Amino acid sequence: MSRDFGIASMPETTMAETPTTRVVAIHQPNFFPWLGYFDKLARSDVFVLLDHVQFPKTGGIWSNRVKLAVGGEARWITAPIVRSVHGVRRYDEVEFQPGQPWREKFVKSLSANYAKAPFYRASMEWIEPTILNPEPLLARYNRNAISQIADHIGLRTAHIQSSNELPVQGHATDLLVGLTRAVAADSYLCGGGAEGYQDDDAFASAGITLCYQSFQHPTYPQGRMETFLSGLSILDALMHCGAAGVRDLLQQARSS
């Protein structure tokens, strides 16, 4: 099957497919995610941002923080959110803390730590306004950032949609099966570690094929780093490799 990833040289997936296969990937709307997130997006025909489910009340989460190289180490960059609310909230209801200059601090941190990276200036031209986006809702902000990054590196963005746009309810595997059916997909792309929380038999009973991402993180030059820092925000790769270089990294991951 041929898909328009917007990357002409992207090789075909190794998953067993037929001309009618339609692959869906489902993931929370993460905050300037890592390369593996965009690998998952590239491998899918439909990418559903799971934003109508309950947001965790405590603990750190990838939806409002990510790691970057700061002072030569992998450190968290966090966008503060409003947590002083009663009851539970969905992802699409979570707000950033008003009046906090975290966007400006984020930009300054990139400038302080990546100014000497080969693609710093070219990347900041579009990354800075993406970070400074005044959108107050976390899920909408993240969707915009994910779409901006995907568009910049040549991935299709028209197939990204929010789960709150789909008439599906349920929990756990039942929800995933429902969302897969709602977008008329017949294959569900799982991330690493999915075996621990999903019911594979439920997908089989629904006639849905399970495919596992098996992402292998490619390495790339990270300036003066002596040891490669894996799992950083894709912004790190963009600063060091540029859009074309990131496309090559995704291609490398798909062919490994």
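**View 1. The second largest pocket of the predicted model has a volume of about 280 Å³.** Of the 15 residues that line this pocket, the closest to its centre are Asn113, Gln222, Gly223, Arg224 and His240. The structure shown here and in the other views is a predicted model, and it should be read with that in mind. Strand S3 (65-70) and helix H2 (102-114) are elements that each supply at least two residues of the lining, and the largest share, three residues, comes from H2. Sorted by chemical character, the lining residues of the second largest pocket divide into seven nonpolar, six polar and two charged. As a general point for readers new to such pictures, rolling a probe the size of a water molecule over the atoms shows where empty space is left.

**View 2. His240, one of the residues closest to the centre of the second largest pocket, lies in helix H7 (residues 234-255).** Is His240 buried or exposed? With a relative accessible area of 14%, His240 is buried, because a residue counts as buried when its relative accessible area is under 20%. Leaving aside its neighbours within four places in sequence, His240 is in contact with Tyr114, Ala117, Pro118 and Phe119, and also with Tyr220, Pro221, Gln222 and Gly223. Two of these contact partners, Gln222 and Gly223, are also named among the residues closest to the centre of the second largest pocket.

**View 3. Tyr120, in helix H3 (residues 120-131), has its C-alpha atom 7.4 Å from that of His240.** These two residues stand 120 residues apart along the chain. Tyr120 is buried, with a relative accessible area of 14%. When residues up to four places away in sequence are not counted, Tyr120 touches Leu110, Ser111, Tyr114, Ala115 and Met239. Tyr114 is therefore a contact that Tyr120 and His240 have in common, given that contact means heavy atoms within 4.5 Å.

**View 4. Five strands form an open sheet with parallel pairing, in the order S5-S2-S1-S6-S7.** Strand S5 (160-162) and strand S7 (209-212) stand at the edges, and each has a single partner strand, so one side of each is left without a neighbour in the sheet. From one strand to the next, the twist averages 30°. Within the sheet, strand S1 (residues 23-27) and strand S6 (residues 187-190) run parallel and are joined by three bridges, and the bridge partner of Val23 in S6 is Ser187. Helix H4 (residues 138-152) lies across strand S2 (46-49) and S5, and runs at about 175° to S5.

**View 5. Strands S3 and S4 form a hairpin with two residues between the strands.** How many bridges join S3 to strand S4 (residues 73-78)? Six bridges join these two strands, which run antiparallel, and among the facing residues Ala69 stands opposite Ala74 in S4. In this hairpin, Gly71 takes a positive phi near 60°. Strands of a sheet pair through backbone hydrogen bonds, either parallel or antiparallel.

**View 6. The whole protein has seven helices and seven strands.** From the N terminus on, its elements run β-α-β-β-β-α-α-α-β-α-β-α-β-α. Buried residues make up 52% of the 256 residues in the protein. Among contacts between residues at least 6 apart in sequence, 65% join residues at least 24 apart.

Notes. Residues are numbered from 1 along each chain as its sequence is written. This is a predicted model: local features need pLDDT of at least 70, side-chain atom pairs count only at pLDDT 80 or more; totals for chains, interfaces and linings use all residues. Side-chain values use heavy atoms; hydrogens and water are left out. Two strands pair if DSSP finds at least two bridges between them. Helices (H or I, at least four residues) and strands (E, at least two) are DSSP runs, numbered from the N terminus. Axes are lines fitted to C-alpha atoms, for helices over the stretch in contact, and angles run from 0 to 180 degrees between N-to-C directions. On a 1 Å grid over the protein atoms alone, a cavity is a set of points where a 1.4 Å probe fits but cannot get out, and a pocket is an open set with protein on both sides within 12 Å along at least five of seven lines; lining residues have an atom within 4 Å of a point. Grid points are joined across faces, edges and corners, and a volume is the space filled by probe spheres set on the points. Ala, Val, Leu, Ile, Met, Phe, Trp, Tyr, Cys and Pro count as nonpolar, Asp, Glu, Lys and Arg as charged, and the others, Gly among them, as polar. Buried means under 20% relative accessible area, exposed over 50%, partly exposed in between (1.4 Å probe, protein chains only).
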